[in-house]
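Here are a few friendly notes to read alongside the model. Have the viewer open as you go through the points.

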Amino acid sequence: MAKKKKAQTSNTIALNKKARHDYFIEEKFEAGVEMQGWEVKSCREGKAQLTDSYVIFKNGEAWLLGSNIQPLPSASTHYVTEPDRTRRLLLTKRELSKLIAAVEQKGHTVVATALYWKGHLVKCEVCLAKGKAMHDKRETEKKRDWNREKQRLMRATHK
């Protein structure tokens, strides 16, 4: 008998929630990720992390640093798995030149915010971002708290 696979509830593999807290997100790009077979299998099991990951540019290519994909215990024993290796991001020349120009001229940074499935391919959401100062982070937190409080008040008045 054939084994039935569990249907995945979401296409999201990993999120970098810290990036939204630390940066103002200005523009989003979708990049393919160059992976090895064991990495794809680990992503299917949800063993990927993007916290503290960012993108660097070297020789006209984009590289994802700081991402962590834990190998499965059933990974091949004769193959050396490297969970923290740098992975190449696949972007068009136009997108690459736009990102490189923004990083060099305007003082922006490029951060990976999400890993997700698009069909059978693993994609990475890469964002052009500008760092937040401490007072900006507090302001964002105040707005979020106020919006929650408004929702509570609206629910209480409608009952």
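1. V110 is a good place to start: its bridge partner in β9 is L128. That pairing belongs to the antiparallel contact between strand β8 (residues 109-118) and β9, which are joined by 9 bridges. Please keep in mind that this is a predicted model.

2. The turn linking these two strands deserves a look. β8 and β9 make a hairpin with 2 residues between them, and G119, in the turn, has a positive phi of about 70°.

3. Which other strand is joined to β9 by bridges? Strand β2 (residues 23-33) is, running antiparallel to β9 through 9 bridges. For a residue to click on, try I25, whose bridge partner in β9 is A129.

4. As for burial, β9 (residues 121-131) is mostly covered, with 8 of its 11 residues buried.

5. The largest nonpolar core has 27 residues, and I13, L89, L115 and C124 are the ones touching the most other members. At least two residues of this core come from each of β1 (12-15), β2, α2 (37-44), β5 (61-65), α3 (93-105), β8 and β9.

6. I13 is worth selecting by itself. Setting aside neighbours within four places in sequence, I13 is in contact with C43, A48, L115, Y116, W117 and V122.

7. W117 also has a charged companion: the charged end of R44 sits over the ring of W117, 4.3 Å from the ring centre. How many aromatic pairs does the structure hold? The count is 0.

Notes:
Residues numbered from 1 in each chain as written. Predicted model: local features only at pLDDT ≥ 70, side-chain atom pairs only at ≥ 80, totals over all residues. Heavy atoms only, no water. Phe/Tyr/Trp six-rings, centres within 6.5 Å; stacked < 30°, edge-to-face > 60°. Lys NZ or Arg CZ within 6 Å of the ring centre and 35° of its normal. Buried < 20%, exposed > 50% of the residue type's maximum accessible area, 1.4 Å probe, protein only. Helix = DSSP H or I, 4+ residues; strand = E, 2+ residues; numbered from the N terminus. Pairing = 2+ DSSP bridges. Core = buried A, V, L, I, M, F, W, Y, C linked by side-chain atoms within 4.5 Å. Contact = heavy atoms within 4.5 Å.
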